[in-house]
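Please open the model in your viewer and keep the sequence panel beside it, since the tour moves from one selection to the next. Each stop says what to select and then what is found there.

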Amino acid sequence: AAAAAKRNAVDVLAESWTDDGVLVQPFSKPAVGKIALREVFEQQKNQFVQIKTLAYEEDWKERHVAGDLAYELGTISVSLELPNGKQDQQSVGAIRILARQPDGAWTFARVVVSPGPK
């Protein structure tokens, strides 16, 4: 998922979620279900069309598996090159709940992100 996020690969990102997945982000209504999630990912891709992602890192401080559910708690950081050539770094705190699928793959069921320090 990290590589897909760095590339803004909407199809791969959308398929990384359960059918009833929920994404909660600041200043937005929760995106519920794959159709709504795909729309969010398309909007984000369009917003970043002139911005180059230089680095994308996930740092999970805590990870726990309980049967077919798991959670992760940590940060996601990106380094960006803006259209004016300047670089920017952004980070978010995140909690992700994942669900194990019948084929053994893990998909996102619930994700909550909040802005982190600059």
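Begin by selecting L69, Y71, L73, I95, I97 and V112, which in this predicted model form a nonpolar patch on the surface, with about 470 Å² of accessible area together. If you then colour the strands, you will find that the elements giving two or more residues to this patch are β4, residues 69-81, and β5, residues 87-100. Of the elements that take part, β4 gives the most, with 3 residues.

Next, stay with the patch and pick out I95, which lies in strand β5. Its relative accessibility is 43%, and because the range between 20% and 50% is called partly exposed, I95 is placed in that class.

Now move along to S91, which is also found in strand β5. Is S91 buried or exposed? With a relative accessible area of 18%, S91 is buried, because the cut-off for that class is under 20%. To see what surrounds S91, show the residues it contacts beyond its neighbours within four places in sequence, namely I76, S77, P115, G116 and P117.

For the last stop, leave the strands and select K34, which lies in helix α3, a helix that covers residues 34-47. Which residues is K34 in contact with, once its neighbours within four places in sequence are left aside? They are A14, E15, W17, T18 and D19. If you draw a distance from K34 to A14, C-alpha to C-alpha, the two are 6.2 Å apart in space, although 20 residues separate them in sequence.

Terms used. Residues numbered from 1 in each chain as written. Predicted model: local features only at pLDDT ≥ 70, side-chain atom pairs only at ≥ 80, totals over all residues. Heavy atoms only, no water. Helix = DSSP H or I, 4+ residues; strand = E, 2+ residues; numbered from the N terminus. Contact = heavy atoms within 4.5 Å. Patch = residues over 30% accessible without salt bridge, like charges linked within 9 Å, V, L, I, M, F, W, Y side chains within 5 Å. Areas by Shrake-Rupley, 256 points an atom, 1.4 Å probe, with all protein chains shown as cover. Salt bridge = Lys/Arg side-chain N within 4 Å of Asp/Glu carboxyl O. Buried < 20%, exposed > 50% of the residue type's maximum accessible area, 1.4 Å probe, protein only.
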